[in-house]
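Here are my notes on this one, written as numbered points. Have a look at the fold yourself, then read on.

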Amino acid sequence: ASLLARRSSFDEADRLIEEATPILERLLGPAHHDTLEALAVRAEISLAQGRVDEAIATLDELVRRNVAGDQRLVARESEVRLRALGATGAAGERAAV
């Protein structure tokens with residue numbers, strides 16, 4: 001799904017990550033690094049598709065589940081959240097014009 005997202009195949013990436021996430025949750029657990037990584041990818045895909053609120057909700061879930069405090073995920077979550085806030089700000093600026 002990450003590779004597809006990088007190639008801007010967002011619909012296909014979204015479909016794959018939607019299928020993979022529950023499988024990872026079931027097999028590895030909801031707080032496993034790979035499961036959390038899937039949530040990060042899901043947030044990035046949502047953001048790339050302009051679904052900012054969904055991206056932020058997914059990031060909130062990632063933070064809630066990251067009980068081990070994986071710093072790589074914290075950094076990635078922060079970076080995606082900043083991009084989401086930038087998208088929100090840009091949309092607000094366009095609406096004000």
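In what order do the elements of the protein chain run, from the N terminus on?

1. They run α-α-α-α-α. The chain has five helices and zero strands. Keep in mind while reading that this is a predicted model. As for burial, 31% of the 97 residues in the protein chain come out as buried.

2. Let's take the helix packing, beginning with H2 and H3. The axes of these two helices come within 9 Å and cross at roughly 155°. An angle over 145 degrees counts as roughly antiparallel, so that is the label for H2 and H3. As to handedness, H2 passes H3 in a left-handed crossing.

3. On to the next pair, H3 (residues 33-48) and H4 (residues 52-65). Here the axes come within 8 Å, with a crossing angle of roughly 165°. That makes H3 roughly antiparallel to H4. The crossing of H3 past H4 is left-handed.

4. One residue to click on in H3 is Leu 39. Is Leu 39 buried or exposed? Its relative accessible area is 3%, so Leu 39 is buried, the cut-off for that being under 20%. Leu 39 also has a contact worth displaying: its C-alpha sits 7.3 Å from that of Leu 59, although the two are 20 residues apart in sequence.

5. Now the charged side chains. In general, side chains of opposite charge can pair when their charged atoms come close. In this model the count comes to 14 salt bridges. I'll go through some of them below.

6. Which parts of the chain does the pair Asp 60 and Arg 81 link? The two side chains meet in a salt bridge, at 2.9 Å from N to O. The pair links distant parts of the chain, with Asp 60 in helix H4 and Arg 81 in helix H5 (residues 71-96), 21 residues apart. Asp 60 has 42% relative accessibility, so it counts as partly exposed.

7. Glu 54 and Arg 51 form another salt bridge, again with 2.9 Å between N and O. How accessible are the two partners? Glu 54 is partly exposed, with a relative accessible area of 33%. Arg 51 is partly exposed too, at 27%.

8. Arg 72 and Asp 70 are a pair I'd look at residue by residue. Their side chains meet in a salt bridge with an N to O distance of 3.4 Å. Arg 72 counts as exposed because its relative accessibility is 59%, and the cut-off for exposed is over 50%. Asp 70 has 15% relative accessibility, so it counts as buried. The bridge therefore joins an exposed arginine to a buried aspartate.

9. Which residues are linked in a network of salt bridges? They are Glu 25, Glu 61, Arg 64 and Arg 65. Try showing these four side chains together.

10. Last, the surface. Ile 23, Leu 27 and Leu 28 make a nonpolar surface patch of about 280 Å². Ile 23 belongs to helix H2, which covers residues 10-28. With 37% relative accessibility, Ile 23 counts as partly exposed. Helix H2 thus comes up twice in these notes: as the helix that holds Ile 23, and as the one that passes H3 in a left-handed crossing.

Terms used
Residues numbered from 1 in each chain as written. Predicted model: local features only at pLDDT ≥ 70, side-chain atom pairs only at ≥ 80, totals over all residues. Heavy atoms only, no water. Patch = residues over 30% accessible without salt bridge, like charges linked within 9 Å, V, L, I, M, F, W, Y side chains within 5 Å. Areas by Shrake-Rupley, 256 points an atom, 1.4 Å probe, with all protein chains shown as cover. Helix = DSSP H or I, 4+ residues; strand = E, 2+ residues; numbered from the N terminus. Buried < 20%, exposed > 50% of the residue type's maximum accessible area, 1.4 Å probe, protein only. Axes fitted to C-alpha atoms, helices over the stretch in contact; angles between N-to-C directions. Parallel < 35°, antiparallel > 145°, perpendicular 65-115°, else oblique. Left-handed = near helix turned anticlockwise from the far one by under 90°.
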